[in-house]
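Please open the structure in your viewer and follow the stops below in order. Each stop says what to select and what is there.

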Amino acid sequence: MSSMLQPQIILLKEGTDTSQGKPQLVSNINACTAVADVVRTTLGPRGMDKLIHDDKGSVTISNDGATIMKLLDIVHPAAKILVDIAKSQDSEVGDGTTTVVLLAAEFLREAKPFIEDGVHSQNLIRSYRTACSLAIEKIKELAVSIEGKSIEEKKTLLGKCAATTLSSKLIGGEKEFFASMVVDAVIAIGTDDRLNMIGIKKVPGGNMRDSFLVNGVAFKKTFSYAGFEQQPKKFLNPKILLLNVELELKSEKENAEIRLSDPSQYQSIVDAEWNIIYDKLDKCVQSGAKVVLSRLAIGDLATQYFADRDIFCAGRVAEEDLKRVAAATGGTVQTSVNNIIDEVLGTCEIFEEKQVGNERFNIFNGCPSGQTATIVLRGGADQFIEEAERSLHDAIMIVRRAMKNSTVVAGGGAIDMEISRYLRQHARTIAGKSQLFINSYAKALEVIPRQLCDNAGFDATDVLNKLRQKHALPSGEGAPYGVDIATGGIADSFANFVWEPAVVKINAINAATEAACLVLSVDETVKNPKSESAQGEAAASAMGGRGRGGGFRGRGRGMRR
Amino acid sequence: MGFGMQSMLKEGHKHLSGLDEAVLKNIDACKQLSTITRTSLGPNGMNKMVINHLDKLFVTNDAATIVNELEVQHPAAKILVLASKAQQEEIGDGANLTISFAGELLQAAEELIRMGLHPSEIISGYTKAVNKTVEILDELVEEGSENMDVRDKEQVISRMRAAVASKQFGQEDTLCSLIADACIQVCPKNPVNFNVDNVRVAKLVGGGLHNSAVVPGMVLRTDAVGTMKYIEKAKVAVFVGGVDTSATETKGTVLIHSAEQLENYSKTEEAKVEELIKAVADSGAKVIVSGAAVGEMALHFCERYKLMVLKISSKFELRRFCRTTGSVAMLKLCQPKPDDLGYVDSVSVEEIGGARVTIVKNEVDGNSVATVVLRGSTDSILDDLERAVDDGVNTYKAMCRDSRIVPGAAATEIELAKRVKDFSFQETGLDQYAIAKFAESFEMIPRTLAENAGLNAMEIISSLYAEHASGNTKVGIDLEPGVCKDVSTMRVWDLHVTKLFALKYAADAACTVLRVDQIIMSKPAGGPRRDQPAPGMDED
């Protein structure tokens with residue numbers, strides 16, 4: 001009791017965990033570098049893939065930084081920031097997610113010795129921000145515009161960008177093939193910025209080269225009833241009716257009930273029900289449509305009815321697909337079969353049902369409004385196709401951004417080396433501490449070419465020295481030189497068509513700097529105990545998460561030695 | 001005494017009294033709290049990572065947020081928290097100043113108590129000092145600043161800069177111009193009626209701060225329901241109750257007696273919906289906004305009549321939408337009267353950073369809602385930017401009421417320190433020591449500013465005193481090169497009202513804490529605590 005009378009000062013709730021000061025900052029930096037070490041080896045054309053096995057037992061093989069970061073389930077609060085920037089890069093530009101994580105971690109790693117030496121982190125932050133805006137200006141200056149070129153020329157240029165992205169992925173072997181496919185798809189949807197208008201369908205079997213692009217919509221054949229076999233499977237210029245109606249013999253409304261006093265009327269009620277459905281079917285036929293698609297079920301009666309009249313029908317079409325068909329064919333989805341006017345019917349050049357692998361596909365080709373495209377992916381294993389889909393997504397995003405912003409820079413680490421050189425040069429003109437900081441920022445940027453070399457098995461130091469020499473040429477002609485993955489030397493990336501949209505680099509540098517500054521600006525962590533309600537649901541994950549987090553730190557430390 | 005108390009109360013209560021046990025312990029707790037927030041003070045303040053009980057991560061240097069999420073338990077420290085909350089509610093900025101200054105005052109009080117002063121003497125000294133401070137503060141007001149044009153961007157930014165810079169140093173120029181634009185846009189004819197709720201913030205991950213923009217109107221984080229994605233110069237009809245066939249609340253069953261009734265049942269329903277939608281379309285409306293679900297059948301007819309359909313489920317958002325467009329929300333789907341219709345310049349669905357947002361623009365005649373679209377790479381950065389914007393908007397509100405400014409960058413504090421010190425020499429009683437300590441406490445602000453910026457605090461303070469003694473009352477710290485400079489050249493101004501309330505609340509809180517000489521805590525209800533830590537573990 002006497003100890004109770006002289007209590008320690010309990011300012012915060014029991015169980016609250018606080019840590020502060022320099023050690024806290026250093027430990028945050030360590031956590032971030034440990035996370036970056038995981039994705040480090042995936043960078044570049046020779047990057048390795050990661051196999052991630054989650055607690056549900058599903059396996060993902062990926063090379064995509066954002067996907068890996070998402071699946072890692074990071075609990076460390078500082079390291080979570082890296083996951084966030086990877087996500088942000090993914091949603092903003094779609095590619096360069098590994099780059100952004102790597103850069104942020106490298107900025108922090110370069111800052112660490114300064115912090116340990118007692119530099120106030122605000123000084124670092126200020127210099128980093130200056131360096132960041134200088135770097136972005138330099139990129140804008142170096143970027144080459146592809147505006148004003150003819151559509152054919154533009155296509156090849158965009159293809160180069162797509163190929164650069166794809167070369168670092170699993171499907172890199174077929175990059176030309178896929179690059180042209182992606183460019184065609186993006187050009188097909190036009191300027192209207194709607195990603196969901198590009199569908200990617202995955203069919204296991206065959207090989208990558210069997211993948212194809214549909215200038216329109218394709219989806220897997222839906223479940224069908226008897227009578228389907230008699231329906232024609234190919235139309236030229238058919239009218240297409242899109243419905244959101246159930247074409248089935250079914251009670252009309254939930255809340256209606258029939259009470260009959262006269263049993264002789266019973267037959268009339270039964271007839272009435274049949275009349276209703278026949279009436280609906282009649283109206284569909286009268287509209288002149290040759291293809292009827294519905295989001296809801298089309299029953300066996302309707303299937304037979306349509307088959308008799310040479311009409312193709314498909315029920316339970318996924319909403320996404322139906323919307324895409326609507327956009328492609330110029331039709332509108334109808335919730336009622338009454339009053340169908342010609343305007344709401346869509347059309348396309350060829351509709352057919354085709355065998356792809358062991359699946360049947362409904363394919364709408366040559367659509368008039370042409371705002372959609374579908375890529376049908378083929379490949380061996382499931383995981384392989386999954387990864388191919390992610391890679392294509394990245395490539396599509398890159399091409400879209402390149403079209404929107406239409407400036408490109410040299411890839412292969414060339415732009416990073418050039419900015420690094422520029423910043424070093426700039427740093428020499430500054431008096432004071434920030435000279436050192438901007439220099440270290442510049443050094444951190446070199447991580448990209450260095451990692452490219454490491455992953456390809458080259459001698460990074462050797463290649464980097466060659467690059468530095470080229471970039472330091474006073475004439476400036478060495479600016480586009482980057483790592484040449486093919487020979488292990490250096491080459492003019494621009495001439496070799498290793499191109500990246502400028503916006504990818506700008507966003508990556510911006511996000512990485514912001515994240516690094518955020519981590520550097522934290523000097524204290526206060527962790528409140530979980531409240532009762534949060535405790536229950538989080539208890540299980542916290543246990544697993546904490547164990548994994550601990551493992552992380554341990555591993556990181558081991559690797560850095 | 002303790003014996004009597006123990007026999008009086010239920011077993012398990014805690015009872016603390018006397019100088020050592022109660023007053024000094026309380027002071028200690030408050031000091032601890034202020035050391036947490038202190039390092040966040042000023043433009044070079046450090047961020048804190050706070051993980052609250054719901055496992056949400058905050059990365060911020062906004063003191064109000066920090067103390068809010070800290071879940072302070074100590075009763076005396078809670079008083080400080082309350083003072084900062086009062087400041088946050090009254091002004092919306094300067095919460096850190098309140099806590100840090102109160103902490104400093106209490107630390108000074110501790111020294112006085114150890115010297116042998118009675119708390120009541122300290123309190124009376126502090127009260128005198130704070131009254132004097134208010135007087136001096138009035139004298140320090142920059143001449144000519146009481147008249148300002150709240151619609152002039154330059155003047156607004158100059159007053160807002162310091163508040164925003166203390167949250168997002170290095171980005172204050174970008175942010176201030178965004179905030180000022182948004183505020184000026186929605187400022188009503190009588191600026192005193194400025195409503196902070198009319199400046200909205202939309203946070204969209206991706207890009208960087210330089211991609212941020214101000215939208216005259218609203219940004220909804222949803223897609224349009226139908227296929228119509230863009231419309232210009234359109235009339236708007238708002239329905240709160242949803243756009244659907246009207247259904248009865250009471251459970252009912254439709255009785256059908258004959259075959260025709262069955263056949264016509266769904267047809268009549270369809271016809272009814274068409275009639276309603278047609279009525280809306282006929283009234284001239286081009287956009288329908290629904291507060292609840294949009295029925296499939298209704299949507300079908302909206303598409304047919306080329307109406308754009310938006311769904312806003314939040315009641316508050318819907319109310320703001322009505323304010324933006326000047327429309328009157330109708331309860332039921334019916335033909336709207338011409339007066340009930342609102343107007344928008346454009347409604348468009350755009351993709352920003354992978355998310356689809358609906359942008360409602362309304363630029364004519366001083367629209368009432370403006371949205372700052374913030375871009376940043378992570379959620380925590382965005383949250384922090386939002387807090388900076390909130391502070392900026394609150395500052396705008398404060399300056400609409402009282403536009404007087406005082407020199408910032410610790411110039412005011414040093415001047416106050418100097419003058420209150422002089423004042424203490426004129427006092428005769430014991431409270432002159434308290435007043436002197438009060439004056440010294442002002443030094444905390446330049447000291448912290450300098451420390452947080454990595455400068456030598458003692459050097460700075462002494463040179464500040466030197467400058468002020470020679471009559472340069474507007475000399476403050478310039479943190480970039482780390483020297484003393486005239487604030488009018490740096491353009492660092494604080495609002496008079498912010499400083500006034502912060503100092504007042506801090507002094508009040510300190511006095512309240514000092515007044516306490518007994519703490520009685522009754523036994524907490526419920527069973528034994530589950531997570532009782534080992535004694536002595538929780539002091540670090």
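Begin in chain B by selecting helices α5(B) and α14(B), whose crossing is right-handed. The model is a predicted one. Helix α5 of chain B spans residues 95-115 and helix α14 of chain B spans residues 431-441. They pack at an angle of about 145°, and their axes are 9 Å apart.

Show side chains at this contact. From α5(B), select B:Phe101, B:Glu104, B:Leu105, B:Ala108, B:Glu111, B:Leu112 and B:Met115. The residues they meet in α14(B) are B:Tyr433, B:Ala434, B:Lys437, B:Phe438 and B:Ser441. Coloured by class, the contact of α5(B) with α14(B) shows 8 nonpolar residues, 1 polar and 3 charged.

Stay in chain B and select residues 475-478 and 483-486, which are strands β15 and β16. β15(B) and β16(B) pair in the antiparallel sense, over 4 bridges. Opposite B:Val475 you will find B:Asp486 in β16(B). Now move to the turn: the hairpin has 4 residues between the strands, and among them B:Gly482 takes a positive phi near 80°.

Switch to chain A and view it whole. Chain A has 561 residues, of which 54% are buried. Its elements are 18 helices and 21 strands. Of the contacts in chain A with a separation of 6 or more, 76% are between residues 24 or more positions apart. With the surface of chain A switched on, the accessible area is about 23200 Å², and carbon and sulfur atoms account for 50% of it.

Next, select the open sheet of 4 strands in chain A, which runs in the order β12-β11-β9-β13 with mixed pairing. Which strands stand at the edges? They are β12 (312-314) and β13 (346-347) of chain A; each has a single partner strand, so one side of each is left without a neighbour in the sheet.

Zoom in on β11 (residues 291-294) of chain A, which pairs with β12(A) in the parallel sense over 3 bridges. Pick A:Val291, and its bridge partner in β12(A) is A:Phe312. Then add residues 319-329 of chain A, helix α11, which lies across β9 (239-243), β11 and β13. The helix runs at about 145° to β9(A).

A further sheet to select in chain A is an open one of 3 strands, in the order β4-β17-β20, with antiparallel pairing. Here the edges are β4 (144-145) and β20 (499-501) of chain A; each has a single partner strand, so one side of each has no neighbour in the sheet. Strand β17 (residues 407-410) of chain A runs antiparallel to β20(A), and 3 bridges join them. Label A:Ala410 and, opposite, A:Trp499 in β20(A). Helix α17 (residues 502-520) of chain A lies across β17 and β20, and runs at about 65° to β20(A).

The last stop is one residue, A:Asn439, in helix α14 (residues 434-445) of chain A. Is A:Asn439 buried, partly exposed or exposed? The relative accessible area of A:Asn439 is 26%, so the residue counts as partly exposed, a class that lies between the cut-offs of 20% and 50%. Leaving aside residues up to four places away in sequence, A:Asn439 touches A:Arg424 and A:Ala427. To finish, display the distance from the C-alpha atom of A:Asn439 to that of A:His426, 13 residues apart along the chain: the separation is 8.9 Å.

Note on methods
Residues are numbered from 1 along each chain as its sequence is written. Chains are lettered from A and ligands numbered from 1 in the order in which they are written. This is a predicted model: local features need pLDDT of at least 70, side-chain atom pairs count only at pLDDT 80 or more; totals for chains, interfaces and linings use all residues. Side-chain values use heavy atoms; hydrogens and water are left out. Axes are lines fitted to C-alpha atoms, for helices over the stretch in contact, and angles run from 0 to 180 degrees between N-to-C directions. Helices (H or I, at least four residues) and strands (E, at least two) are DSSP runs, numbered from the N terminus. A crossing is left-handed if the near helix is turned anticlockwise from the far one by less than a right angle, and right-handed if clockwise. Contact means heavy atoms within 4.5 Å. Ala, Val, Leu, Ile, Met, Phe, Trp, Tyr, Cys and Pro count as nonpolar, Asp, Glu, Lys and Arg as charged, and the others, Gly among them, as polar. Two strands pair if DSSP finds at least two bridges between them. Buried means under 20% relative accessible area, exposed over 50%, partly exposed in between (1.4 Å probe, protein chains only). Accessible areas come from the Shrake-Rupley method with a 1.4 Å probe; for residues, only the protein chains shown count as cover.
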